[in-house]
Each structure stands twice: as structure tokens, then as C-alpha cells.
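Got your viewer open and your mouse ready? Load the structure below, and we'll walk through it one selection at a time.

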Amino acid sequence: MTEPAPLNPYTLPTDDNVNPYAFCVDLSQQWFMRKGAMIAYYGQAKFEALAATSMAGFVATRFSSPLYAMDWVVAQGQGKVVIGDRGHDINSFDLEAGNLTIRANNLLSFATSLELKQSIVPGFLTLYGTGKFIASSNGPVIFAEPPMRVDPEALVGWADTPAPCHHFDAGWMQSFLGMAANSMLGINSGEERQMDFVGEGTILMQSSEIMSEDPAVVRMIESQLGGLGTGGLQRINHVTAQRLAASQQ
Amino acid sequence: MPGFEMVNSKVVKVRLGSPVIARRGAMLGYTGDVRFVPHGVPGGAGAGGLGGLAGGLARRMAGEHEATMEATGQGEVWYGFRGSHVTIVDIAPGQVMLVEADRLLCHDVTLQASTAFIGQGGMRAAVSGMMSGQGLFTTQLSGQGSAVLLSHGETFSLPIDQSRNVAVDPQAYVAALGQVKVEVSAKVGWREAVGKGSGEAIQLRCTGSGTVFVQASEEKL
């Protein structure tokens, strides 16, 4: 077996896959990148936190998500940057005056020609406009068409379809209604909850994975505590203490 | 008879005709009118056969149990589990598949599941079975239909017959199909007892005729 030829700045691909698990972008244009996605680079690359970039005005018009802003950087300069994510499969997608919603944990990088907004669905981000973005998935991405129901852990994203609803299995719903309802909230260990897609468009799926903790979830919960009174806060305190005790056993 | 179909190396798809039994949490998505019912529990639709209450209880006692769901109805269902690789295995009448419960993604309802004892050979083998983390029991599938295995990396198959048997590292072993006897074989001496062994003292010896499925990794699921 011949060894693969070593890659240098001239033989590294331009905005293309190095292999199924690594992708190389050219800094001839600027890229938004998730922190930690970069694994190597050639040239004079600068990675600036969104809060500290010299282009704050430009960034503010493109990156419309305070929840995720601190997890992302702008890459600029000249050279080539290789990105990867835990050995997962990596693919690039081209949007043309379109929109696509993707799980925040799966999005690694996108061209600054695209615009990012927070999806109504927690944990997901929506890209608008024209340009390239790079996403990871556990195994190759599977494309499917609605009408369809997808396990939340297997859902990578969707394009052009209306936003999904939660669907609960009828049998599960029946037993839920028959029990002390509150005690079962937050339990989703099986097949009872799915994301329900209707209409026209494309759904992106992957093999399910153990979800890595999305730091934005904590910030989202924090930001919503402001609307609670003393009773609500006490209730949250109580539930948190219970979950903590359970997880320490 | 539903047929499993590879979507990619980590996902299978099945068009439901007769029901499919799958590990809980393995369903990735579905189209059509499909219902998911816990399998092998009282009140569930699939409490028949050997997978019924008594069988489920026995398997739970043996530590050889994963909660399963039965998919019934009309439509297509996608299955996968945490990015593990999948292997589809067709089981013919007369063949038996031995597989650890946590390595079984899904199978046709036409296959009967029961628990088999592999820790033969007296107390010594019993002790080594525990040391290998393999357990002394394994899930046994028989009948006609297909089953889907989970592995870390792709599996490869080692054919065996009377003239050649094979010994497998317990962590690399995934399943065995045919008329295969799987035994824990160990040369446990004082070195293992004090933790200075070669690390290869405990093996699974597969004899008989059939196929042994092995993964190129020692990672447990």
C-alpha cells in the first residue's frame, strides 16, 4: 500500500474535504468557526472571538445569536485551515438564496456571506442566504422527505420544510394522562417523543449519538429565570436539587 | 417478511410488513403509520413466545437484557445506535445466533429470543467469565429472519468447522451464527490473580460449524 502524499499549502484542497473526517477551508474569504473546530492551519490565520473582533459591526449583522456568540470565532487572514470534529463525518453544503436549520452541535463553520439566526426550536440554528457551510454528523448524513417523524437525537437539521412539532406516541400519552403528570416530565428515554415533519422539503438525519452537552442550553435556562417569581424559583431550586441528588447516586 | 437494508455503514432501514423488535432508543425516524410498543412486558402487545414475561424475567436475572420496543404497522423505519457500525445477518431455519444483548440492534419478530448459558466448565470458567466482563449468559436467536448487529468499527466474519475452530478476545467478539458453541476458556494462574498476566489469558473458544463475527476493537458498547 502506498502512503498518502503529504499535504502542503498548495496541495491541500480548497474548500473541500481532505478525507471524510477533515475539511480544509481557504481564508481567501472570512469564515465563522465554532471554537475547537480548527485542528491545523497554514499561513497567517487570525481567530478572533466575536466579542473582540475588529469587525464588530459586520459580525452583528451576520451572527444574530447572543446565545451562541461566545462559542464562535471569526477566522480571517491568508492560508488554509483544516477543521474536524471528534472523527465524525464532515460535509459541506452550498446554500443558494435558501434557508437551512441545523443542530448547533453539528455546525462547524460557515462563510460570512451567510446569515445566522437562532431557530425557534431550542438547540438549533438557521442559516439564510448564499454560501457554504460545513457540518459534522455521526456517519454520513441521510436525506429524507416528509411526511416523517424523527428521533430528536437523530435529527441533524431540515431545509425548506415548515418547523417541526413534537409528536408523542399515543400509547405513551395515554399512560402519561393516567399518571401523576408532573413526575414524568423530563423523561425521554425511549421512542415516545419524535419530531414531526410535514410539508415539502428535506430532512437531515444521522445515527443517534450521546448528546454532548450544549453550553447554550444552560444560558437559555438562565436567561428565562428572569421572568419567574419567588414561587417559581423555589420550584426550580427543588427540581434541580432532586436531579442533582439522582445524578450523584 | 420485512427486509433490512443498509442505508450507510451505521444505519439500516426496514419496510415493515411483520413487526420488528429493536433496542429501545434505536429508532431514528419513520414514515407511515407505525406504532412502538414496549416488547416483552405485561400489557405490551408483544408478550408472547419465549420473549414473554417469564423469558424476560429470566433474562433480566441473567443480566442479559436490554429494553426493547416492537414496531408494528405500515411504513419504513430507520434504525441506528450512537454511531455504532451495523451488520445485517440472515438466519436460516436450523441456525442459531448467539449474541450479547447489548450488541443486538434489531431483529424480525419471527426470530425467537432466549437466554443461553455459556459459562460451562465448572467454577473456574465461571470466575473467568466474570473477569472477562463477558457475562455467563448470552442471547440466543433462532427461527427464520434477519438480525442486525452493532459493533465498534465494521465486523468481519471468521468461518469455522470441525477442522478449525477459533479463539476470540471477549471484547472483540460480537456474535456467532450456525451450530456454534461458545465457551469461556481461560488459563488463569497466579499471574492473573496478582494482575501481572499477559492480558490475553481469557478467550472465547468457538467450536462447531458456522460463522463468528468479530470487531477490530476491544471497545465495549
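Let's start in the middle of a sheet: select B:I88 and B:V148, which stand opposite each other, with B:V148 sitting in strand β11 of chain B. Keep in mind as you look around that this is a predicted model.

Keep B:V148 selected and add B:C106, because there's another partner to see. B:C106 also stands opposite B:V148 in β11(B).

**Widen to the strands**

Now select residues 85-91 of chain B. This is strand β6, and 7 bridges join it to β11(B), with the two running antiparallel. Next, pick residues 104-108 of chain B, which make up strand β8. β8(B) pairs with β11(B) in the antiparallel sense too, here over 3 bridges.

**Look at β11 itself**

Select residues 145-151 of chain B. Is this strand enclosed or open? 7 of its 7 residues are buried, so β11(B) is largely enclosed by the rest of the structure. For this step, buried means under 20% relative accessible area.

Try colouring the two faces of β11(B) separately. On one side you'll find B:G145, B:A147, B:L149 and B:S151, and every one of them is buried. Turn to the other side and you meet B:S146, B:V148 and B:L150, which are buried as well. Both faces are covered.

**Zoom out to chain B**

Show all of chain B as a cartoon. How many helices and strands does it have? You should be able to pick out 3 helices and 15 strands. Of the chain's 221 residues, 51% are buried. If you draw contacts between residues with a separation of 6 or more, 82% of them link residues 24 or more positions apart. Switch to a surface view, and chain B exposes about 9700 Å², with carbon and sulfur atoms supplying 54% of that.

**Bring in chain A**

Turn on both chains and look at where they touch. There, 26 residues of chain A are in contact with 22 residues of chain B. Between them the two chains bury about 1900 Å², and 53% of this is on carbon and sulfur atoms. Don't go hunting for salt bridges across the interface: the rule finds 0.

**Last stop: a patch on chain A**

Select A:F168, A:M173 and A:L177. Together they form a nonpolar patch on the surface, with about 270 Å² of accessible area. Click on A:M173 and you're in helix α2 of chain A, residues 170-178. Is A:M173 buried or exposed? It counts as partly exposed, because its relative accessibility is 30%.

Terms used: Residues numbered from 1 in each chain as written. Chains lettered and ligands numbered in written order. Predicted model: local features only at pLDDT ≥ 70, side-chain atom pairs only at ≥ 80, totals over all residues. Heavy atoms only, no water. Patch = residues over 30% accessible without salt bridge, like charges linked within 9 Å, V, L, I, M, F, W, Y side chains within 5 Å. Areas by Shrake-Rupley, 256 points an atom, 1.4 Å probe, with all protein chains shown as cover. Salt bridge = Lys/Arg side-chain N within 4 Å of Asp/Glu carboxyl O. Helix = DSSP H or I, 4+ residues; strand = E, 2+ residues; numbered from the N terminus. Buried < 20%, exposed > 50% of the residue type's maximum accessible area, 1.4 Å probe, protein only. Pairing = 2+ DSSP bridges. Contact = heavy atoms within 4.5 Å. Buried area = accessible area lost by both parts, 1.4 Å probe.
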